[in-house]
Amino acid sequence: MGRPPLPLGTPGKVQFVHLSSGHTQARVLFRDFDGRVRLVSKNARTRAAAERALKVALAERQAPPGTGAITSSTLLSELAALWLEAPHGWSTGTERTYKSVIRNQVVPALGALRAREVTPGVVSRALRAIAERHGPSAAKSAKACLSGMFGLAIEDGAIAANPVRDASARISVTKKSPRALTREEVTTLTGWLRANERALAADIPDLVDWMLATGCRIGEALALRHGSNGDGRPLLDLDAKTWEVNATVVRVPKQGLLVQPRPKTAAGWRVIAVPDFAVGMIRARPAPGPGGLVFTGPEASTPRDPSNASGDLRQLLDSFDCDACQCTGFTLATDGSFALGMRGQRVRCDAGPWSWVTSHVFRKTVATRLDEAGLSPRQVADQLGHANPSMTLDVYFGRQVVSAEAAKALDR
């Protein structure tokens, strides 16, 4: 009966050979992860040094070497770059976010380590450090990136298990209770915007009305345009009172602002009905800009930047009925001048009664109004462009009190 083979990834007995040069060679047979037995050897001046060098070489072979571009010796900074270059089908915004997380959190924390050196404990310590320095949301995004990176390494045969999966660090992000505008607040806000000269100059009232009429994201609203889709049907059909949401405005590095020919997610593509007041508002607007865009940038020839539009809206809302900043939208110093930040910029005032409102609150308001009207979570999710109604229920319904119908059903 023959000798049983070595288990995968294990060495045999170490042998020592004295070379004519005076050095000592430590050698051993090692059964690699492809099943083949190979001779591994290291030379040094002394027997102990040769044995130490051989142990280091064997440690490097303890993880599968990988057959592709990724091996167990690949630095995490290199692995991150390969993961970002792989096809994922991300939206432009998601890709920009992950690149920022890799550059600012993942690489500084773990980029100098090799794939085989990363254990669940190393991942946990890194995530805790990121949470302390940059907040739990950054740590959560970093965890998602690391999980994807090691998943790619597993596919390439470089490692056998994903250390992120077994990491003990639990990153908890405090979720705020969904809050939506009441009907009275909507009336007050839209009326104030219509009467405000700064809001009118920044073309904010119509933009807000469109978001409140459709529940769309601000990038989708800024991609609103006349024209036709690939099948020849109109994107914005004012006669049929429908709008096909099939694009969003994004900023692409080295390219500038573009109308991305797809929404944020696959579920974001949808055709929604438009209320009468919004149809009348669009009809009353000036002629569309280049490409049929309804809401254009300051030069009326380029798409409007969603970040700039959100900033304009935020400054207006900060100033609305705020005594702390005297309705300026900026924090005031003791002498009445504007307080300045570290880079000389004016500091936002968030003490006003309307400072909590953002463009995303309009989506929550639409979801809440539709829920109050008796539409099912699936119907509301379709209106907002969500793949799962659970997202709509958990994040977008601004309900605080359970319906009185529940009390009636339980009444004795």
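The following exchange asks why certain labels apply to residues in this predicted model.

Me: Why is L39 called exposed?
Reply: L39 has a relative accessible area of 52%, and exposed means over 50%, so L39 earns the label. The residue lies in strand β4, which covers residues 37-44, and together with L29 and V37 it makes a nonpolar surface patch of about 280 Å².

Me: What makes the pair of W83 and W90 edge-to-face?
Reply: By the distance rule, the count comes to seven aromatic pairs. One of them joins W83 and W90, with 5.2 Å centre to centre and 70° between the planes; since ring centres must lie within 6.5 Å and planes over 60 degrees apart count as edge-to-face, both conditions are met and the name follows. Both W83 and W90 are buried, and with Y98 they form one aromatic cluster.

Me: And why is the pair of F320 and W354 called stacked?
Reply: Here the centres are 4.9 Å apart and the angle between the planes is 25°, and because planes under 30 degrees apart count as stacked, this pair of F320 and W354 is given that name. The pair links distant parts of the chain, F320 and W354 being 34 residues apart, with each of them in the loop between α11 (306-319) and α12 (359-372). Both F320 and W354 are buried.

Me: How do you know that the side chains of R194 and D206 meet in a salt bridge?
Reply: The N to O value for R194 and D206 is 2.7 Å, and a salt bridge requires a side-chain nitrogen of Lys or Arg within 4 Å of a carboxyl oxygen of Asp or Glu, so the pair satisfies the criterion. R194 lies in helix α6 (residues 183-195) and D206 in helix α8 (residues 204-214), so the salt bridge ties together parts that are 12 residues apart in sequence. R194 and D206 also belong to a network of salt bridges that links them with D203, D209 and R285, and the structure holds 17 salt bridges.

Me: Why is D206 called buried, whereas R194 counts as partly exposed?
Reply: D206 has a relative accessible area of 11%, and buried means under 20%, so D206 is buried. R194, at 37% relative accessibility, falls between the limits of 20% and 50%, and therefore counts as partly exposed.

Me: What makes the contact of D276 with K241 a salt bridge, and why does D276 count as exposed?
Reply: The side chains of D276 and K241 meet at 2.6 Å, N to O, which satisfies the limit of within 4 Å. D276 lies in helix α10 (residues 276-283) and K241 in the loop between β5 (236-237) and β6 (242-245), so the pair ties together parts that are 35 residues apart in sequence. At 52% relative accessibility, D276 passes the limit of over 50% and is therefore exposed, while K241, at 33%, counts as partly exposed.

Me: Why is D318 called buried, and what does it bind in a salt bridge?
Reply: With a relative accessible area of 1%, D318 is under the 20% limit and is therefore buried. D318 forms a salt bridge with R348, the closest N and O atoms being 2.7 Å apart, and R348, at 36% relative accessibility, counts as partly exposed.

Terms used. Residues are numbered from 1 along each chain as its sequence is written. This is a predicted model: local features need pLDDT of at least 70, side-chain atom pairs count only at pLDDT 80 or more; totals for chains, interfaces and linings use all residues. Side-chain values use heavy atoms; hydrogens and water are left out. Patches are made of residues with over 30% relative accessible area and no salt bridge: like charges are joined within 9 Å, nonpolar side chains (Val, Leu, Ile, Met, Phe, Trp, Tyr) within 5 Å. Accessible areas come from the Shrake-Rupley method with a 1.4 Å probe; for residues, only the protein chains shown count as cover. Helices (H or I, at least four residues) and strands (E, at least two) are DSSP runs, numbered from the N terminus. Buried means under 20% relative accessible area, exposed over 50%, partly exposed in between (1.4 Å probe, protein chains only). Rings of Phe, Tyr and Trp (its six-membered ring) pair if their centres lie within 6.5 Å; planes under 30 degrees apart count as stacked, over 60 as edge-to-face and the rest as tilted.
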